[in-house]
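Please read the following report alongside the sequence and the coordinates. It deals with strand pairing, charged side-chain pairs, backbone geometry and model confidence.

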Amino acid sequence: SVHHAAARADQGYKSRWFNFVWPPKSVITRPSAGLKLPMPGYYEITGLAWSGWGKVKKVDISIDGGKTWKEAKLQDPILPMAHTRFNFDWTWTGEETTIMSRCTDDTGEVQPSLAELQKNWGRGEKDRLEPKSNTHYWNAIQPWKVGKDGSIVQMVNQFERAWHAGQSLDAYARKDVNSRS
């Protein structure tokens, strides 16, 4: 049946109807995996955000693995159910860090972390990897690890390795980013 509901922990375990609208999502497109920052200094973080429920209201950027967040600049036009470009000025110190973006739409819905997605929707990395999965519910925050040498890797690859090794992704997602290799 196309009509079914799921209880969400973040909504006081109230059921919420499933729908086929893409929830808020953002991704940093530069700097991103495969690129290398040549030296410490000024960089512009850029990316795309979207929501199938309306307009992108804001995008927050974290340059410290999610410990703190600052608002990025949105570029016009900002239209309902369309990609919205964002940018954020960043001075990289040359230290290892994790950068990520988080979208909030005009309905107040916020893009979740992987741990929040697993807790509230029961969706995890295993679901993203399976082609028959409802991938439109995979809207978790995408972290990029910036190494001391400027190399950038996709953190999800580390989640994939943990999943294939049979490790708990929920516990892995909560580990301090600096303790991962």
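Leu74 has Phe86 of β8 as its bridge partner, and this pair belongs to the antiparallel pairing of β7 with β8, which extends over 2 bridges. The strands named here are DSSP runs (E, at least two residues; helices would be H or I runs of at least four), numbered from the N terminus, and two strands are said to pair if DSSP finds at least two bridges between them. The model is a predicted one, in which local features need pLDDT of at least 70 and side-chain atom pairs count only at pLDDT 80 or more, whereas totals for chains, interfaces and linings use all residues. Residues are numbered from 1 along each chain as its sequence is written, and side-chain values use heavy atoms, with hydrogens and water left out.

**The two open sheets**

The pairing of β7 with β8 is part of an open sheet of 4 strands, ordered β3-β4-β8-β7 and paired in the antiparallel sense. In this sheet β3 (25-30) and β7 occupy the edges with a single partner strand each, so one side of each is left without a neighbour. Another open sheet, also antiparallel in its pairing, contains 5 strands in the order β6-β5-β9-β10-β11. Its edge strands are β6 (70-71) and β11 (152-154), each of which pairs on one side only.

Within the sheet of 5 strands, β5 and β9 pair in the antiparallel sense over 6 bridges; Lys58 stands opposite Thr104 in β9, and Asp60 has Arg102 of β9 as its bridge partner. On β9 there are also 3 bridges to strand β10 (residues 144-146), again in an antiparallel arrangement, with Ile99 opposite Trp144 in β10. Strand β9 is mostly covered, 8 of its 9 residues being buried, where buried means under 20% relative accessible area, exposed means over 50%, and partly exposed lies in between (1.4 Å probe, protein chains only).

**Salt bridges**

The structure holds 4 salt bridges, a salt bridge being a side-chain nitrogen of Lys or Arg within 4 Å of a carboxyl oxygen of Asp or Glu. Three residue pairs are listed below, with the distance between N and O atoms.

| Acidic residue | Basic residue | N to O distance |
|---|---|---|
| Asp60 | Lys58 | 3.6 Å |
| Asp60 | Arg102 | 3.3 Å |
| Asp89 | Lys73 | 3.5 Å |

Lys58, Asp60 and Arg102 are linked in a network of salt bridges. Within that network, Asp60 counts as buried because its relative accessibility is 5%, whereas Lys58, at 27% relative accessibility, counts as partly exposed. Asp60 lies in strand β5 (residues 56-62) and Arg102 in strand β9 (residues 97-105), so their salt bridge ties together parts that are 42 residues apart in sequence.

The salt bridge of Asp89 with Lys73 has its closest N and O atoms 3.5 Å apart. This pair likewise links distant parts of the chain, with Asp89 in strand β8 (residues 84-92) and Lys73 in strand β7 (residues 73-74), 16 residues apart. Asp89 is partly exposed at 41% relative accessibility, and Lys73 is partly exposed as well, with a relative accessible area of 48%.

**Loops and backbone geometry**

Most residues other than glycine have a negative phi, and most peptide bonds are trans. A cis peptide bond, with omega about -5°, joins Arg30 and Pro31, and Pro31 lies in the loop between β3 and β4. Ser32 has its place in the loop between β3 and β4 (41-50), where Ser32 is buried, with a relative accessible area of 11%. Leaving aside neighbours within four places in sequence, Ser32 is in contact (heavy atoms within 4.5 Å) with Trp144 and Ile152.

The peptide bond from Asp76 to Pro77 is also cis, with omega near 0°, and Pro77 is found in the loop between β7 and β8. Met81 lies in the loop between β7 and β8 and has a phi near 55°, a positive value in a residue other than glycine; with a relative accessible area of 60%, Met81 is exposed.

**Confidence**

The protein chain has a mean pLDDT of 79, and 66% of its residues reach 70 or more; pLDDT is the predictor's confidence in each residue, from 0 to 100. Over residues 166-181 pLDDT stays under 50, and for them the model has 32 contacts beyond four places in sequence. Where pLDDT is low, the predicted coordinates should not be read in detail.
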